[in-house]
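This report works through one structure from a single residue outwards, first to the space enclosed inside and then to the chain as a whole. Please keep the sequence and the model in view while reading.

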Amino acid sequence: MPAEGPGGRTPVNGCRAGGAGGRVMGADAVVRMGADAGVVRDHGGMPLNSYRFRSVWSVDSTPAQTFDVLADLRSYPHWWREVREARQVGENAAELRCRSVLPYDLVFEAHHNAKDPDAGLLRADLLGDMDGTVSWRIFADGAGSRIVYDQQVVVCKPLVRRLALVSRPILKANHELMMRSGQRGLRTYLAGFQAAANPQALAAPQASEAPQASQAASNS
């Protein structure tokens, strides 16, 4: 028996037979899906709609603060521009709608299967236009944090799968742009938390500038 994914849906050539929101396809749709998924493969026999990504980010916040933000799927549209919408669908799951520079959305559910703040580990199963797993690992790095992001997915969106041969390098470039944007957005978002927690840190430089300005005026 093949292993079942979140919601009991069975993978078909890397793509489960139910999309985001738990919609289950009929048997004829599953057959067509399986046939299409095996058409274009690389020299190693892997489907060209299968991807592995790794990104390493650095942020100026503690691992605990960073973990809390990354664990809150509903917050993603507030700091990650390409995550256009996040809708809670379960206690540890949300449906995300993403779009970068390419003219289509990717909609999928993220189901957390590991949330360990002590280990700095977040891991989720993805289901929908992308099927697979994603993880964040958070490490202390001086006064801030280093974040390692790993993603292993199969893209199930029909348009992207049919154009896998030509769209693969474009999609990889699109992913890289999205990750750069995410790091910038997360840094800015976390900086807001730091400012709210330490208002005196912002007021101190302004206070120290006042005597200097008075001294400069008296010397002129």
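Leaving aside residues up to four places away in sequence, S145 touches W57, S58, V59, S61, T62, P63, T66, I138 and F139. The model is predicted, and the contacts of S145 are therefore to be read as features of a predicted model. S145 itself belongs to strand 9, which spans residues 144-155. Is S145 buried or exposed? With a relative accessible area of 1%, S145 is buried, because that value falls under the 20% cut-off used for burial.

Two of the residues that S145 touches, S61 and T62, also place a backbone oxygen close enough to its side chain to be listed with a distance, as the table sets out.

| Backbone oxygen | Partner | Distance |
|---|---|---|
| S61 | polar atom of the S145 side chain | 2.6 Å |
| T62 | polar atom of the S145 side chain | 3.4 Å |

Strand 9 also leads to the enclosed space, since it is among the elements that give two or more residues to the lining of the largest cavity. A search of the whole structure finds two cavities of 30 Å³ or more, and the largest of them holds about 450 Å³ of space. Its lining consists of 34 residues, and those nearest the centre of the cavity are F108, M130, Y149, Q151 and M178. Besides strand 9, the elements that give two or more residues to this lining are strand 3 (50-59), strand 5 (93-98), strand 6 (106-116), strand 7 (121-128), strand 8 (130-141) and helix 5 (164-197). Helix 5 provides the largest share, five residues. Sorted by class, the lining has 26 nonpolar, six polar and two charged residues.

The largest nonpolar core has 38 residues, of which W57, L70, Y76, W79, W80, W136 and L186 touch the most other members. Helix 5 gives the most to this core, again with five residues. W57, named above as a contact of S145, is also touched by W79, whose other contacts, not counting residues up to four places away in sequence, are V69, L70, G182, G185, L186 and Y189. In soluble globular proteins, nonpolar side chains tend to be buried together.

Taken as a whole, the chain has six helices and nine strands, and buried residues make up 42% of its 220 residues. Among contacts between residues at least 6 apart in sequence, 51% join residues at least 24 apart.

Note on methods. Residues are numbered from 1 along each chain as its sequence is written. This is a predicted model: local features need pLDDT of at least 70, side-chain atom pairs count only at pLDDT 80 or more; totals for chains, interfaces and linings use all residues. Side-chain values use heavy atoms; hydrogens and water are left out. Helices (H or I, at least four residues) and strands (E, at least two) are DSSP runs, numbered from the N terminus. Buried means under 20% relative accessible area, exposed over 50%, partly exposed in between (1.4 Å probe, protein chains only). A polar contact is a pair of N or O atoms within 3.5 Å; within protein, one must be able to donate a hydrogen and the other to accept it, and residues adjacent in sequence count only if both atoms are side-chain atoms. Contact means heavy atoms within 4.5 Å. On a 1 Å grid over the protein atoms alone, a cavity is a set of points where a 1.4 Å probe fits but cannot get out, and a pocket is an open set with protein on both sides within 12 Å along at least five of seven lines; lining residues have an atom within 4 Å of a point. Grid points are joined across faces, edges and corners, and a volume is the space filled by probe spheres set on the points. Ala, Val, Leu, Ile, Met, Phe, Trp, Tyr, Cys and Pro count as nonpolar, Asp, Glu, Lys and Arg as charged, and the others, Gly among them, as polar. A nonpolar core is a set of buried Ala, Val, Leu, Ile, Met, Phe, Trp, Tyr and Cys residues joined through side-chain atoms within 4.5 Å.
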